[in-house]
2 protein chains.
Amino acid sequence: MLTREKKQDNWKPIIKAFEAVLGQKGVIKRREELITYECDGLTSYRQRPAVVLLPRTTEQIAQIVKICNKYSVTFIARGSGTGLSGGALPLENSVLIVTSLMRQILKVDLDNQRIVVQPGVINSWVTQTVSGAGFYYAPDPSSQIICSIGGNIAENSGGVHCLKYGVTTNHVLGLKIVTAEGEILDLGGQVPEMPGYDLTGVFVGSEGTLGIATEITLRILKSAESICVLLADFTSVEAAGASVSDIISAGIIPGGMEMMDNISINAVEDVVATNCYPRDAQAILLVEIDGLDVEVQVNKQRVAEICKKNGARNVTSASDPETRLKLWKGRKAAFAAAGHLSPDYYVQDGVIPRTQLPYVLQEIESLSQKFGYKIANVFHAGDGNLHPLILFDNAVPGALEKVEEVGGEILKLCVKVGGSISGEHGIGADKKCYMPDMFSNADLESMQWVRQVFNPKGLANPDKIFPTPRTCGEAANTTMKKFPGVEQF
Amino acid sequence: MLTREKKQDNWKPIIKAFEAVLGQKGVIKRREELITYECDGLTSYRQRPAVVLLPRTTEQIAQIVKICNKYSVTFIARGSGTGLSGGALPLENSVLIVTSLMRQILKVDLDNQRIVVQPGVINSWVTQTVSGAGFYYAPDPSSQIICSIGGNIAENSGGVHCLKYGVTTNHVLGLKIVTAEGEILDLGGQVPEMPGYDLTGVFVGSEGTLGIATEITLRILKSAESICVLLADFTSVEAAGASVSDIISAGIIPGGMEMMDNISINAVEDVVATNCYPRDAQAILLVEIDGLDVEVQVNKQRVAEICKKNGARNVTSASDPETRLKLWKGRKAAFAAAGHLSPDYYVQDGVIPRTQLPYVLQEIESLSQKFGYKIANVFHAGDGNLHPLILFDNAVPGALEKVEEVGGEILKLCVKVGGSISGEHGIGADKKCYMPDMFSNADLESMQWVRQVFNPKGLANPDKIFPTPRTCGEAANTTMKKFPGVEQF
């Protein structure tokens, strides 16, 4: 393995080998161009890679990876770089393999409801490609207009519609991958049920630690006949939470069910001015109902009645696309809006059993008061996937560390009530220290043995997911530096 | 590893160790009692195990497995023994671990829609446990009144309702397992989205080769408000197939959609006399629609219109539970009924992309004529999961081999059109020789490396799934004997 001290000269033969595969245009090595690639969506961690590669084909990736193996250099795959857990954070002296030139839709098979894409294809392009024929791709992260399918595979991304339709892993039929040793494998297939071990399922969500997906077969769904969005406003978070439980208990599975609290509502109205969200509400629920028109009409009434029974002041609804978009606009902009409330914010991602919602929200409020940071709550309420946004000022010395501590307390709370430390953003570099809170040493070891199968030398995306060393503090100090300012060339 | 020649004496200390854990009643060793356990649902393969164990707890299984490791004896897990691919086929000189005393429902959590069960719990008991509260467990193999949840996990079982709701793997949240070395691990959890590699997904469908599931957390669903079953009869198989395609293309996802051909229809009417299935129909479709009452009413009309447009002579429907059950009765009895058409039958299980249905059915008919065996077709039409039943007489020398050849040709046909060699019955001992038709050597090797992680000595269910030696003929001759008649004690 190359050491940090490795100098530019050592990279010369390696870069020459890369250029022989990709041409000079496919290899980025100038310092000022590399800065763009220092971080992904988790901007508080930065490391500059030694070189950035822009392959176009599976074979090129296999060749690149073989070169990495020959010279024992580590490599990290990156799609659009929108991930929020630092899954695509480079290491110094590493190779960053960026899939942004791999944006071809390889095959569309409407009759069998599947589409084959390269990893750099943007999430929303998939739906755009098939929507004219009445189909869509269900997983819809908030970043869907910029995030890539390859990144979605790595992080097993979710989104608003995952309550009813499942996360990325439920929509991947097969994968062509390049392993960490440069071998090309086919996982899964073209039909949902394949014999043998489900390695497709293992690969989805493995955050680039098992190799790089180069061709992805996705399931596409038939668009619903009718869609309706309801907005209900409440004078307490508890009433909104109770409505969520009652809707699910009634056997209604909304296409999406999102909750926002008072801080988020006001942040959104300040910034995007939807003029739909009442500023004095303690919580709003956005409930999307889809299906046959008759079904939507009945369920719309049922949801409205449940919300009113739980004390909603108003319930409005919209079926035309324009007004629906307007109602969703604030929710989709919630993270960005939080950025206007304070100089910085830290977004957490945890999952709890739905029944624990009132208790967990109270505890988050207690943490907010104890540590003195405002916390805005925006979440996929139907599946218990919380996104607390902790507001802070990174210019205050020690603030980031304190906020990370609050974030950690929230994750421990999720684990305590039987939940999970990640709903859809992944573990990446950010949360690996919390893995022992969820898994026993034996459990983690079996995962690491599986990693050994695909990535025996540890060259593919090292120092992600697994807690080595074991605590966050140690990790931050020893395996990566924040804002290091270390220059490679 | 013990050799075949190992005599009774060698087992004495091993059996003593087992009895120390399970008591004498938990250890079956008398020859006449062992006969019951010589095969599972694939009755054409038989091997008598050296001893059968009946544990009651996770800890007992861990201790048993450790004893197997100490003495290097192989072990095979078995639930109710209804599997159709020989996944629970014992080996000579092996230990058969039967979960039929592990039939406790450990926890019911209706609010969070989950239930925790021991592996010996019968599939239909899960629904029975929660149906009073308006819930059910979706995967419903035809054998659901006798098959065990542990066996369902091993084989990733499907069923009629898997078109809309997915197979077993889509309904398992978490597993406590005992690895092949006797280590207890927790895979997955209590909420659907868990970080790290999806080892739950790998374990489900691994056919006992990675260890034994001892506690299973299942997702339960809210029962639909309304259910309707339609029966449409056609004068050609093609017309029925076209209706299936058109129903799916219309965006309707039936709870189940099953097709039976003329041979199956007559077999069923001969045996169970539903008096619902017209004997002169070339094919019937059974379509179950579930959901809100208004939704069911609309979709019922749409399905009926589609079937009629495609030439259905009659379309009838039933909403009351009694008539629905009557309509389903014939389909559920189809395999058993085939047993009355000829002395023996061989059931195949393959998957094809739905659009290939007319072509594949024609090819199966050609194979039937070429080899001179009648083939009845019964299948989950909506998801392209075929179940051709090849009718033959095992008393005719060489007939079984010929029929296996026909079965193999059908599987190769499935692979050729982009399908799979198993939809829901697993690979087991029966189909491992066809795995190279679906997977490259590199693909198979990665699966086998994953097996090494959980089962490094190969003691858990050896000689299943993976093709060693590579052809069926070899496998039958060298690694197992059919009807061996070899006596252990």
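**Notes on helix packing and a few local spots**

1. Let's start with a helix pair in chain A: H8(A) and H10(A) cross in a right-handed sense. Keep in mind that this is a predicted model. The two helices, H8 (residues 237–249) and H10 (residues 293–309), have axes that come within 9 Å and cross at roughly 140°. If you want to see where they meet, look at A:Ser243, A:Asp246 and A:Ile247 on the H8(A) side, and at A:Val303, A:Ile306, A:Cys307 and A:Lys309 on the H10(A) side.

2. Another pair to pull up is H13 (residues 357–371) and H14 (residues 399–416), again in chain A, where the axes come within 11 Å and the crossing angle is roughly 160°. Angles over 145 degrees count as roughly antiparallel, so that label applies to H13(A) and H14(A). H13(A) goes past H14(A) in a right-handed crossing. From H13(A), the contact uses A:Tyr359, A:Val360, A:Glu363, A:Ile364, A:Leu367 and A:Phe371; from H14(A), it uses A:Lys402, A:Glu405, A:Val406, A:Glu409, A:Ile410, A:Leu413 and A:Lys416.

3. Now for helix H3 (residues 58–71) of chain A. How far apart should its ends be? With 14 residues at 1.5 Å a residue, the expected span is 20 Å, and the end C-alpha atoms are indeed 20 Å apart, so the two agree. The buried residues of H3(A) are A:Thr58, A:Gln60, A:Ile61, A:Ala62, A:Ile64, A:Val65, A:Ile67, A:Cys68 and A:Asn69.

4. Just after H3(A) comes A:Ser72, with a positive phi near 50°. Most residues other than glycine have a negative phi. A:Ser72 is not a glycine, yet its phi is positive, so this is a spot to click on. A:Ser72 sits in the loop between H3 and strand S3 (75–78) of chain A. With a relative accessible area of 27%, A:Ser72 is partly exposed.

5. A:Asn93 is another non-glycine residue with a positive phi, near 60°. Look for A:Asn93 in the loop that runs between S3 and strand S4 (95–98) of chain A. Is A:Asn93 buried or exposed? Its relative accessible area is 3%, so A:Asn93 counts as buried.

6. A:Gln118 is also in a loop, the one between strand S6 (114–117) and helix H4 (123–131) of chain A. A:Gln118 is buried, because its relative accessible area is 6% and the cut-off is under 20%. What does its side chain reach? The side chain of A:Gln118 gets to the backbone nitrogen of A:Arg103, at 3.2 Å. Setting aside neighbours within four places in sequence, A:Gln118 contacts A:Arg56, A:Leu101, A:Met102, A:Arg103, A:Gln104, A:Leu106, A:Thr214 and A:Ile216.

7. Over in chain B, have a look at B:Lys332, which belongs to helix H11 (residues 321–332). B:Lys332 has 34% relative accessibility, so it counts as partly exposed. Beyond residues up to four places away in sequence, B:Lys332 touches B:Asp140 and B:Gln144. With B:Gln144 there is a side-chain to side-chain polar contact of 3.3 Å. As for B:Gly372, 40 residues apart from B:Lys332 along the chain, the C-alpha atoms of the two are separated by 27 Å.

Technical notes: Residues are numbered from 1 along each chain as its sequence is written. Chains are lettered from A and ligands numbered from 1 in the order in which they are written. This is a predicted model: local features need pLDDT of at least 70, side-chain atom pairs count only at pLDDT 80 or more; totals for chains, interfaces and linings use all residues. Side-chain values use heavy atoms; hydrogens and water are left out. Helices (H or I, at least four residues) and strands (E, at least two) are DSSP runs, numbered from the N terminus. Buried means under 20% relative accessible area, exposed over 50%, partly exposed in between (1.4 Å probe, protein chains only). Contact means heavy atoms within 4.5 Å. A polar contact is a pair of N or O atoms within 3.5 Å; within protein, one must be able to donate a hydrogen and the other to accept it, and residues adjacent in sequence count only if both atoms are side-chain atoms. The expected span of a helix is 1.5 Å times one less than its number of residues. Axes are lines fitted to C-alpha atoms, for helices over the stretch in contact, and angles run from 0 to 180 degrees between N-to-C directions. Angles under 35 degrees count as roughly parallel, over 145 as roughly antiparallel, 65 to 115 as roughly perpendicular and the rest as oblique. A crossing is left-handed if the near helix is turned anticlockwise from the far one by less than a right angle, and right-handed if clockwise.
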